[in-house]
Amino acid sequence: MNKNKNKNLQAKGSVYVEAISLVALILFSLFIIVSNASATLASEISEDNILGLINKERTYRGIPSLEVRDELREASINKSKDMITRNYFDHYAFGLTPWDFITNSGYDYLYAGENLAMDFDTSEGMVSSWMKSSAHRNNILNPEFDETGIGVVKGEYTEGGNTHTTYMVTNMFGKEKPAVLKVIDRVVDFVKNIF
């Protein structure tokens, strides 16, 4: 009888070992699935991903989404290219302002703003960082802005003698000047030219 009891205990023991092994396998599989899901939540740095995240922040707070405006996109791309080409990271450099890039693109603004970023690996990390900075956050959540353009340029950047590849990101925000104000501007310019 003792032999049978031992066999039953061994049989029950192997069932427990198999059950524990199965639970461990399931838990490990869930860990892998969750890890991969987290990795897929981190998106590459692109105009579309950045715009989606910014608009998510705005709509979450009841602020209308921004629409892409070609002139602001052109201004943003040109600013990012200029920063890579001339190796700087600043709103104001070489006698240029953000507003120069915007007006040179043909966008006549009533309000405008600019956010810059570099050395981020994901769009989420970048937008999250902007949201932690009051100035950047204010641009993103400013209800006066209704249009945007995003310029993502990959290039070589040198800092402290070290060169590395990075994404240079410029995000221009704007509200176009109403037609009546554009007419007033033309009249004022005309009068200035008379005197």
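Below, a colleague asks how the features of this predicted model are recognised, and the modeller replies.

Colleague: What does the protein chain hold in the way of helices and strands?

Modeller: The secondary structure comes to seven helices and four strands. Along the sequence, the pattern reads α-α-β-α-α-β-α-α-β-β-α.

Colleague: How do you know which parts of this predicted model should not be read in detail?

Modeller: We look at pLDDT, the predictor's confidence in each residue, which runs from 0 to 100. The protein chain averages 85, and 78% of the residues score at least 70. Over residues 1-11, though, the pLDDT is below 50, and this stretch has zero contacts in the model beyond near neighbours in sequence. Residues 34-40 also stay under 50, with zero contacts beyond four places in sequence. Where pLDDT is low, the predicted coordinates should not be read in detail.

Colleague: Now the sheet. What makes E3 and E4 count as paired strands?

Modeller: The rule asks for at least two bridges between two strands. E3 (residues 147-159) and E4 (residues 162-176) have 13 bridges, in the antiparallel sense, so by that rule they pair. One place to look is glycine 149, which stands opposite methionine 172 in E4. E3 and E4 form a hairpin with two residues between the strands, and there glycine 160 takes a positive phi near 60°.

Colleague: And why are E1 and E3 called a pair?

Modeller: Two bridges join E1 (residues 67-68) to E3, and at least two are required, so the pair qualifies. These strands run parallel. Valine 68 has threonine 148 as its bridge partner in E3.

Colleague: What makes the pairing of the whole sheet "mixed"?

Modeller: E1 and E3 run parallel, while E3 and E4 pair in the antiparallel sense. E2 and E4 are antiparallel too, over nine bridges, with alanine 112 opposite glycine 174 in E4. The result is an open sheet of four strands with mixed pairing, in the order E1-E3-E4-E2.

Colleague: Which are the edge strands, and what makes them so?

Modeller: They are E1 and E2: each pairs on one side only.

Colleague: Which helices should I look for against these strands?

Modeller: H2 lies across E1, E3 and E4, running at about 125° to E3. Helix H5 (residues 123-132) packs on the sheet and touches E2 and E4; its direction makes about 120° with that of E2.

Colleague: How do you know that the span of H2 agrees with what is expected?

Modeller: At 1.5 Å a residue, its 14 residues should span 20 Å, and its end C-alpha atoms are 20 Å apart, so the two agree. After H2 comes glycine 62, whose phi is positive, near 80°.

Colleague: Why is asparagine 55 called buried?

Modeller: Its relative accessibility is 11%, and buried means under 20%, so asparagine 55 qualifies. This residue is found in H2 (residues 47-60), where the buried residues are Ile50, Leu51, Leu53, Ile54, Asn55 and Arg58. What covers them includes E1, H5, helix H6 (134-141), E3 and E4.

Colleague: What makes the link from asparagine 55 to leucine 66 a polar contact?

Modeller: The side chain of asparagine 55 reaches the backbone nitrogen of leucine 66 at 2.7 Å, and the cut-off for such a pair is within 3.5 Å. Leaving aside neighbours within four places in sequence, asparagine 55 is in contact with Ser65 and Leu66.

Colleague: How does helix H3 fare when its span is set against the expected one?

Modeller: H3 (residues 70-86) has 17 residues, which should span 24 Å at 1.5 Å a residue; its end C-alpha atoms are 24 Å apart, so that agrees. Its buried residues include Leu72, Ala75, Ile77 and Met83. The buried residues of H3 pack against H2, helix H4 (98-104), strand E2 (109-118), E3 and E4. H3 is followed by asparagine 87, which has a positive phi near 60°.

Colleague: Where is threonine 97, and what is it in contact with?

Modeller: Threonine 97 lies in the loop between H3 and H4. Neighbours within four places in sequence aside, its contacts are His91 and Tyr92. Threonine 97 and lysine 79 are 18 residues apart in sequence, and 9.7 Å apart in space from C-alpha to C-alpha.

Definitions and conventions
Residues are numbered from 1 along each chain as its sequence is written. Side-chain values use heavy atoms; hydrogens and water are left out. Buried means under 20% relative accessible area, exposed over 50%, partly exposed in between (1.4 Å probe, protein chains only). A polar contact is a pair of N or O atoms within 3.5 Å; within protein, one must be able to donate a hydrogen and the other to accept it, and residues adjacent in sequence count only if both atoms are side-chain atoms. Contact means heavy atoms within 4.5 Å. The expected span of a helix is 1.5 Å times one less than its number of residues. Axes are lines fitted to C-alpha atoms, for helices over the stretch in contact, and angles run from 0 to 180 degrees between N-to-C directions.
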